[in-house]
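Student: Hey, can we go through the charged pairs in this one? I'd like to see the structure before we start.

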Amino acid sequence: QVQLVESGGGLVQAGGSLRLSCAASGRTFSSYAMGWFRQAPGKDRAIVAVIILRGGTTWYADSVKGRFTISRDNAKNTVYLQMNSLKPEDTAVYYCAEQVQAGNPYDYWGQGTQVTVSS
């Protein structure tokens, strides 16, 4: 059973930075991609960034492009989301998720970590 555990959330002032981590355990096969999602109060969950585990190709939502960076450390089974120039509208619960096969829904989800950006 794959488990994903996020950490690194917190309260930060606008313009500040945070780095989220997502540690995966229990993986016995190579998955296709890892993604970061977020859900703000009263809003639907939205995808933020994706990294293809083989090759390292990345994708970002327009709202975070140029400010957020997704990366991975395969040896540590950990994916990171570096968030710079944070804005109050980035406030949300952030989730990491693992996609086993391309084109399929994400299979495993973390419990989420709260990010709050004050103005």
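Tutor: Sure. The side chains of Arg-67 and Asp-90 meet in a salt bridge, 2.8 Å from N to O. A salt bridge here is a side-chain nitrogen of Lys or Arg within 4 Å of a carboxyl oxygen of Asp or Glu.

Student: Where do Arg-67 and Asp-90 lie?

Tutor: Arg-67 lies in the loop between strand 6 (58-60) and strand 7 (68-73), and Asp-90 in the loop between strand 8 and strand 9, so the pair ties together parts 23 residues apart in sequence. Strands (E, at least two residues) are DSSP runs, numbered from the N terminus.

Student: Is Arg-67 buried or exposed? And what about Asp-90, buried or exposed?

Tutor: Arg-67 is buried, with a relative accessible area of 10%. Asp-90 is at 0%, so Asp-90 counts as buried too. Buried means under 20% relative accessible area, exposed over 50%, partly exposed in between (1.4 Å probe, protein chains only).

Student: Which residues join into one network?

Tutor: Arg-38, Arg-67 and Asp-90, through salt bridges that share partners. The closest N and O atoms of Asp-90 and Arg-38 are 2.9 Å apart.

Student: New topic: how many salt bridges are there in the whole structure?

Tutor: The search finds three. Among them is Lys-65 with Asp-62, at 3.1 Å between the closest N and O atoms. Asp-62 counts as exposed, at 66% relative accessibility.

Student: Anything about the model itself?

Tutor: It's a predicted model: local features need pLDDT of at least 70, side-chain atom pairs count only at pLDDT 80 or more, and totals for chains, interfaces and linings use all residues. Residues are numbered from 1 along each chain as its sequence is written, and side-chain values use heavy atoms, leaving out hydrogens and water.

How values were computed. Helix = DSSP H or I, 4+ residues; strand = E, 2+ residues; numbered from the N terminus.
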